[in-house]
Amino acid sequence: MPQRLLRFVAPDREVRAGLEAIRAELEIPEGYPEAAQQEAEGPPRLPEADLTDVAFITLDPAGSLDLDQAMHLERTPSGFLLRYAIADVAAFVTPGGALDKETRIRAVTLYAPDKRTPLHPFSLSEGNGSLLAGEDRPAVVWELAFDLDGEMKKALVRRAMVRSRAQLDYRSTQAGFDAGNPAEPLMALAELGRLRIEREAARGGVSLPVPEQRVVPTDGGWRLEFREVPDVERWNAHLSLATGMAAGRMMAEAGVGVLRTLAPAPKSDVGRLRHAAKALGVLWPAGLDYPGFIRSLDAAVPAEAAALAEASSLFRGAGYQVIGPKQAARPHAAVASLYAHVTAPLRRLVDRYAAETCLAIQAGTEPAEWVLHGMTGLPDIMARGVGRASRYSTECLDLVEAAVLKDRVGEVFDGVVIDYDAATAVGRVQLATPAVHARIKGAGLVEGTPISTKLLEASIRDRLVLFTAA
């Protein structure tokens with residue numbers, strides 16, 4: 001590790017003690033009730049269809065064991081055929097049983113630097129329900145046909161047994177693409193992935209192209225880094241998005257289901273972003289809509305990073321909508337389409353209900369009573385679960401930032417002002433080394449400008465880091 005990074009390692013003991021305190025404050029559960037654990041370890045209900053002859057592969061972060069998705073992608077004379085296998089969690093869960101009740105309390109898997117708190121017991125989420133290589137698993141398999149332009153033309157879904165042939169990870173797979181020798185099963189991924197990104201732009205969809213701040217274990221402690229999302233991860237994400245779009249449209253057409261929604265950004269927010277871009281000196285060409293503007297930004301450019309920080313407010317307010325007959329389905333503004341969560345059932349409760357609904361629609365039957373009854377409370381359940389997950393993640397990052405900087409009070413760092421409120425004289429500064437986002441106070445700061453900033457406070461107890469202009 002470079003010497004400049006060795007100075008910014010948070011001590012392991014202090015971080016772990018702080019993480020335990022956060023878990024106590026947020027009442028993060030430890031372990032699983034015995035009855036739910038036993039249910040998770042029971043035999044699943046197996047489907048009749050058998051697709052174990054299809055050479056599925058998984059593509060995830062290195063070391064992942066909770067593998068929700070496996071893919072098989074091939075070119076066809078008319079375009080592409082994607083088979084997207086999703087772990088069939090419903091095959092293990094008894095409606096109304098102990099495991100079902102516990103997952104409705106948890107809603108999502110929770111992540112901290114030192115551990116995961118799973119939605120389902122590890123024996124299911126990282127064991128007999130995970131699409132691990134070489135293992136036969138029950139799955140919900142989507143078959144999506146795309147034309148030569150990457151437009152989705154057909155979507156089918158059914159249950160089937162599958163077997164993944166290989167567990168690939170993003171880093172090594174990207175290295176293969178960069179070297180010009182990608183893994184054979186993924187030859188079509190780049191082509192369809194790029195086409196789906198083009199289709200997103202054409203329909204007015206947008207994603208925030210910002211690096212991910214994360215905590216990384218290192219010798220004797222923890223450090224912070226900004227991780228750029230590699231192309232293969234983006235391409236894979238667009239296959240997942242396509243599956244969610246197919247599910248959303250299917251449920252909306254049938255008038256039953258649960259959608260992931262996001263309201264369009266208010267004109268006032270778009271106007272505020274335009275003013276911010278002008279103040280930052282970031283060009284916003286006439287006639288370019290805000291999704292196109294966001295896609296044009298580069299987070300490595302200080303002023304554009306500040307514009308991206310301003311743009312994040314346009315993506316707030318996502319939720320879930322339970323739809324019924326003759327009820328207007330609300331789209332997801334960032335996806336620019338009807339959309340549903342169906343591709344991560346090991347880690348997200350709502351996906352199990354949406355998948356069951358789509359399977360019933362495909363079969364021409366009504367969804368099961370447990371699905372219809374259980375969907376009614378899902379928006380509130382997911383809001384609570386996602387809210388707790390967000391606070392947990394934020395508290396953990398704040399803790400590690402303070403631990404990394406606790407012995408550096410009074411030192412000067414180079415950063416960029418990415419947000420500032422002149423009325424309160426308080427804003428946000430982003431450092432490159434270490435990879436920290438923190439509060440900064442001082443009069444007359446200017447968003448989007450590089451700044452030398454002095455560390456005023458770094459409190460592990462309060463999980464607080466505060467800077468001022470040097």
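The legends below accompany an overall view and several close-up views of a predicted model.

Residues are numbered from 1 along each chain as its sequence is written. Because the model is predicted, local features need pLDDT of at least 70 and side-chain atom pairs count only at pLDDT 80 or more, whereas totals for chains, interfaces and linings use all residues, and side-chain values use heavy atoms, with hydrogens and water left out.

**Figure 1. Overall view of the protein, with its 14 helices and 17 strands.** Helices (H or I, at least four residues) and strands (E, at least two) are DSSP runs numbered from the N terminus. The radius of gyration, taken over C-alpha atoms, is 23 Å, which agrees with the value near 23 Å that a compact globule of 470 residues would have; the globule rule is 2.2 Å times the number of residues to the power 0.38. Along the principal axes, the C-alpha atoms fill a box of roughly 70 × 55 × 50 Å. Of the 470 residues, 53% are buried, where buried means under 20% relative accessible area, exposed means over 50%, and partly exposed lies in between (1.4 Å probe, protein chains only). Among contacts (heavy atoms within 4.5 Å) between residues at least 6 apart in sequence, 71% join residues at least 24 apart. The protein exposes about 20,900 Å², of which carbon and sulfur atoms supply 52%; these areas come from the Shrake-Rupley method with a 1.4 Å probe.

**Figure 2. Salt bridge between Arg 463 and Glu 395.** A salt bridge is a side-chain nitrogen of Lys or Arg within 4 Å of a carboxyl oxygen of Asp or Glu, and by this rule the count comes to 33 salt bridges. In the pair shown here, the N to O distance between the side chains of Arg 463 and Glu 395 is 3.0 Å. Arg 463 lies in the loop between strand 16 (450-459) and strand 17 (464-469), and Glu 395 belongs to helix 14 (residues 378-405), so the pair ties together parts that are 68 residues apart in sequence. Both Arg 463 and Glu 395 are buried.

**Figure 3. Two further salt bridges, Arg 137 with Glu 135 and Lys 406 with Asp 407.** The side chains of Arg 137 and Glu 135 meet at 4.0 Å, N to O; Arg 137 counts as buried because its relative accessibility is 11%, while Glu 135, at 37%, counts as partly exposed. In the other pair, the closest N and O atoms of Lys 406 and Asp 407 are 3.2 Å apart. Lys 406 is partly exposed, with a relative accessible area of 25%, whereas Asp 407 counts as exposed at 57% relative accessibility.

**Figure 4. A salt-bridge network that includes Asp 12, shown with Pro 217.** The network links Asp 12, Arg 16, Glu 20, Arg 23 and Asp 114. Pro 217 and Asp 12 are 205 residues apart in sequence, yet their C-alpha atoms are 8.8 Å apart in space. Pro 217 is placed in strand 9 (residues 212-218), and its relative accessibility of 57% means that Pro 217 counts as exposed.

**Figure 5. Two loop residues with positive phi, Lys 326 and Ala 425.** Although Lys 326 is not a glycine, its phi is positive, at about 65°. Lys 326 is found in the loop between strand 12 (319-323) and helix 12 (350-363), and it counts as exposed at 91% relative accessibility. Ala 425, likewise not a glycine, has a positive phi of about 60° and lies in the loop between strand 13 (412-421) and strand 14 (426-431). With a relative accessibility of 22%, Ala 425 counts as partly exposed.

**Figure 6. Surroundings of His 437 in strand 15 (residues 437-441).** His 437 is buried, with a relative accessible area of 18%. When its neighbours within four places in sequence are left aside, His 437 is in contact with Gln 213, Phe 226, Glu 401, Ile 418, Arg 428, Val 429 and Gln 430.

**Figure 7. Helix 11 (residues 302-311), a mostly covered helix.** Of the 10 residues in helix 11, 8 are buried, namely Ala 303, Glu 304, Ala 305, Ala 306, Ala 307, Leu 308, Glu 310 and Ala 311. The cover over these buried residues includes helix 9 (267-280), helix 10 (290-295) and strand 13.
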